[in-house]
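Please look through the sequence and the structure below before reading on, and keep both in view while the text leads you from one part to the next.

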Amino acid sequence: MKTLEELKKIRDEARKNINVRNNNPNDIKVLIGMATCGIAAGARQVMKEFINQVDKKNIRNVTITQTDCAGSCEYEPRVEIIFPGNEKATYVNITPEKVSRIIDEHIINGNIVKEYTIGWNN
Amino acid sequence: MYRSNILVCGGTGCTSSGSEKIISKLWKEIKIRGLEQEVNVIKTGCFGLCSLGPIMIVYPEGSFYSMVQVDDIAEIVEEHLLKGRVVKRLLYKETLDGEKIKSLNETAFYSKQKRIVLKNCGLINPESIDEYIAMDGYCALGRVLGKMSPRDVIEEIKMSDLRGRGGGGFPTGVKWELTAKSEAEQKYVCCNADEGDPGAFMDRAILEGDPHSVIESMAIAGYAIGANKGFIYVRAEYPIAVKRLNIAIEQARNYGLLGQDIFSSGFNFDIDLRLGAGAFVCGEETALMSSISGKRGEPRPRPPYPAVKGLFDCPTLLNNVETYANIPQIILKGASWFNSIGTEKSKGTKVFALGGKINHTGLVEVPMGTTLREIVEEIGGGIPNGKKFKAAQTGGPSGGCISIENIDIPIDYDNLLSIGSMMGSGGLIVMDQDTCMVDIAKFFLEFTVDESCGKCVPCRIGTKRLLEILNKITSGNGTIEDIDKMEKLCYYIKSNSLCGLGQTAPNPVLSTLKCFRNEYEMHVNKKKCEAGVCKSLLRYEIIEGKCKGCTLCARNCPVSAISGFVGMPHEIDSDKCIKCGICMQKCKFDAIIKH
Ligand SMILES: Cc1cc2nc3c(=O)[nH]c(=O)nc-3n(C[C@H](O)[C@H](O)[C@H](O)COP(=O)(O)O)c2cc1C
Ligand code: SF4
Ligand code: SF4
C-alpha cells in the first residue's frame, strides 16, 4: 500500500459488494413479482437482467428484491420501482429487453416509462 | 453484484451449534435454484445473541433468523431468496410486532447497545481484508502515517480519555506516552488476548469478528511509541481466533499494510502470534512477556514497568484487545467524539459477556454509565423462570458482586470499585435467588487456587487456607471465628502477594462478605443454606401426611436411602442420602421437601 488514494480505491470497489447490507432507506427499490405466477411468466430472467444492468452501469443506490403476487397474474412479470419518499410506479408484462430502458429513463433520469405501466395499452 | 447477502454467524458459539453445516446447506440449496450469481453467503463473527444460535441475517431486508436448523434451509431459500417471502416462523420473535417486522436495532437486546468496538462484528467477513477496508478499515493508519506525528497520535489518545479494557482501567494515552519516552534501539507492541477470566469472551469475539481492527491499531501504536515489531499473545484454546488472525496478518502483509515502508512513510511494522497454554496468570503483564520470550509464565516484581523494561528487556507497550479495537475509531472520529460517550471518568463503551441466570446470554456493548438494571432487565431480557435477581459478578475471579441495592448505579470503573467490585475484563455473571453466595465465593477461590503460579507464599498458601475455611463453612463445620479469621486472611493475602492474581484473589470472598454476611452467618450458626445449594447442609424429608406410599421415590433413589411399605408413609435415612434430589422430582404428591 503506497498511498491513501490506493486504499480508497480498494474501499470503493469493496463497498459495492457490501452495500446491500446497509439497509439504506434512501435507496431506490426495485421490486420484482416473484410468486409462482411471476416465475412462470419469466420474472427470474427479468431479475437477472436488472442485476446485470445495475452492475454494468455501476449504479449504487438501488436495492433489488422480490415481492409477492399482486393478484393479477396476467400482468406478470411485474416490476415496482419505489423512490425514497414512496413514489411508486408499477410496470407490467416486463421482459428482459425492456429493463435497460427502465433503468436509463426512470432510475437514472427519474422519468417513468409510461408505455410499460399498467393500463397504457388498453 | 449480489442482490442479497446472507450473513451467518461463524463465531465460536454458533459454530458449536452447527453454523458450518448451515452454510454448506445454504450453498447447496442456492445452487439448486440457480441463485449463486445473485445471492452471496458470508460467514461473519459474533452477533451477540449467542443463546439463540445458529443465527443468520438476510439482506437487503435485514431479516433476522434465529435457532436455524439445517432442515429449515430449503424453505428459507425457496420462500425468502427465490420468492421474496420472509419465513416468519423462523424470525427472531422480538423482531415480530404483529404482522410488522421490526429491524434488529429496534429490539430490546440491541436498542440500548452502542457498538464501537463490535461495529463490524456480524456485519463483515472477518477473513476478507477488502470488507474491513470497505468499512473504512486502515484509513486511520493511513491518516496517522500521512498526516500525524507520533506526538499528535499520543495527544489524541490522551484527549480521548480511553482507559485500558483489560481490567485495571489505566489511561491508555499515558501508557503510550511513557513507552514513547523510553529511549531504546528496540521497542515492542504487545496485545493481551489471553482472556483468562472464566465466563469472559469479549476479546475472542473481537478477534473472530474483526481481527483487522486489532492489527491496524497495533501498527498505529507502533508508530506512536517507536516500535517496529508486535506480538499478539492469544490462548491456544481459541482456534477460530488464531486462524482468523493468521489470515488477517497474511492479508495485511500482502497489501503492504504490514511490512516495510507502509503508505510510503518509511514506517516498518510487523506482527507475530504467540500462543499461550491458557494459564490465568499469563494474562498478567510481566508473566505474559516472560511467556512470549519462551520462559516460564511467572510474574516478576514491578517496577521496572514494561514501559521501561518489558519484552526481551526492551520498552514494551501492552494493551488489551478491546482497548486496541477502540483506537481506529478514535483516530477517524476524533477524541471529542469518543469522550462525549460515557461518564465523567470512564469514556466510551464496554463490552460485557452476559452469562448465568439470564434470558439472553451473549455479548453486549453499552455506553459506560449504563446501569446493571438496564443490562439485566432490558438488554438481557430478565431472569428465566420468573426467579428473582440476587446479584451479579463483575471482574470474574478478581472482582466482586453487585447486589440488588446497587442495581441502579451507573456502571463505570470508579463506581464499581466504590462498591467493592471492579470492571475487570467484562465477564458479567447474573445470579438468581437459587444461588448461594458462599458457594460462589468458593467457586472463584477454587479457580484462583488452581491458577496461582506458586511463586509467592501469601497467594500460594494463603488462598489454599482460605478455600479450606470456605469448605469448612459450606460443609456445616464452620464457626463464627472462622468468618473473622477468613476476613483477616483476605486482607493479608491482598497486601502481601506479588502480582495482581494474589492481590485480587480474595475479592470474591470480601465482597460477598460485605453484601451477604448474613448468609455466611446462617451457614455457621444455623447450619443452613437458604438457597439449597450446599449439599452438606441440606436435608430431604418425607411429610408423613402427604405420602401415599406409592414407592416411586424408593424405587428411584440411587443409594436405596428410602424405606417403607406399600401404602404406608416412607422415610429417608439421612445418613445414607446423597442429596441428589431425584426423589423430590419423582414424587407426584409433593410429599418430599428439602430444607
Ligand atoms: C492475574 C491477571 C490476569 C490478567 N489477565 C488479563 C487478560 O486475560 N487480558 C487482559 O487484557 N489483561 C489481563 N490482565 C491485565 C494485564 O496485566 C494488563 O494490565 C492489561 O493487559 C493492560 O492492558 P490495558 O491497559 O489495555 O487494559 C491480567 C492481570 C492479572 C493480574
Ligand atoms: S500472587 Fe500468586 S500468581 Fe502472582 S506471583 Fe504470587 S503466587 Fe504467583
Ligand atoms: S435425595 Fe436422592 S439420595 Fe436422598 S433420598 Fe432422595 S433420591 Fe435418595
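In this predicted model, a good place to begin is the pairing of two residues in chain A, where A:Lys29 stands opposite A:Thr63, a residue of strand 2 of chain A. That pair belongs to a longer arrangement, for strand 1 of chain A and strand 2, which covers residues 62–67, run parallel and are joined by 6 bridges. Strand 1 of chain A also pairs with strand 3, made of residues 79–83, but here the sense is antiparallel and there are 4 bridges. Within this second pairing, A:Leu31 has A:Glu80 of strand 3 as its bridge partner. Strand 1 itself, which spans residues 28–33 of chain A, is mostly covered, since 5 of its 6 residues are buried. As a general point, side chains in a regular strand alternate between the two faces of the sheet.

Stepping back to chain A as a whole, one can count 4 helices and 4 strands, and from the N terminus on these elements follow the order α-β-α-α-β-β-β-α. The C-alpha atoms of chain A fill a box of roughly 60 × 30 × 25 Å along the principal axes, and of the 122 residues in this chain, 43% count as buried. When contacts in chain A between residues at least 6 apart in sequence are considered, 60% of them join residues at least 24 apart.

The next step is to see how chain A meets chain B. The contact involves 30 residues from chain A and 43 residues from chain B, and the area buried between the two chains is about 3,100 Å², with carbon and sulfur atoms giving 56% of it. Three residues, A:Met1, A:Arg21 and A:Gln66, supply 24% of the area that chain A buries against chain B, which is more than any other three residues supply.

Polar and charged groups also take part in this interface, where there are 14 residue pairs in polar contact. On the side of chain A that touches chain B, helix 1 gives the most, with 8 residues, and by class this side has 14 nonpolar, 8 polar and 8 charged residues. Salt bridges across the interface number 5.

What lies behind such pairs is that side chains of opposite charge can pair when their charged atoms come close. One salt bridge links B:Glu131 with A:Arg21, whose closest N and O atoms are 2.9 Å apart. This pair crosses between chains, from helix 5 of chain B, where B:Glu131 lies, to the loop between helix 1 and strand 1 of chain A, where A:Arg21 lies. Both B:Glu131 and A:Arg21 are buried. A further salt bridge is formed by B:Glu38 and A:Arg44, with the closest N and O atoms 3.0 Å apart. Because B:Glu38 lies in the loop between helix 2 and strand 2 of chain B, while A:Arg44 lies in helix 3 of chain A, the pair joins two chains. Here too, B:Glu38 and A:Arg44 are both buried.

A salt bridge can also be followed inside chain B, where the side chains of B:Lys472 and B:Asp482 meet at 3.0 Å, N to O. Since B:Lys472 lies in helix 18 and B:Asp482 in helix 19 of chain B, this pair ties together parts that are 10 residues apart in sequence. B:Lys472 counts as partly exposed because its relative accessibility is 34%, whereas B:Asp482 counts as buried because its relative accessibility is 3%.

Technical notes:
Residues are numbered from 1 along each chain as its sequence is written. Chains are lettered from A and ligands numbered from 1 in the order in which they are written. This is a predicted model: local features need pLDDT of at least 70, side-chain atom pairs count only at pLDDT 80 or more; totals for chains, interfaces and linings use all residues. Side-chain values use heavy atoms; hydrogens and water are left out. Buried means under 20% relative accessible area, exposed over 50%, partly exposed in between (1.4 Å probe, protein chains only). Two strands pair if DSSP finds at least two bridges between them. Contact means heavy atoms within 4.5 Å. Buried area is the accessible area (1.4 Å probe) that two parts lose on being put together, summed over both. A salt bridge is a side-chain nitrogen of Lys or Arg within 4 Å of a carboxyl oxygen of Asp or Glu. A polar contact is a pair of N or O atoms within 3.5 Å; within protein, one must be able to donate a hydrogen and the other to accept it, and residues adjacent in sequence count only if both atoms are side-chain atoms. Ala, Val, Leu, Ile, Met, Phe, Trp, Tyr, Cys and Pro count as nonpolar, Asp, Glu, Lys and Arg as charged, and the others, Gly among them, as polar.
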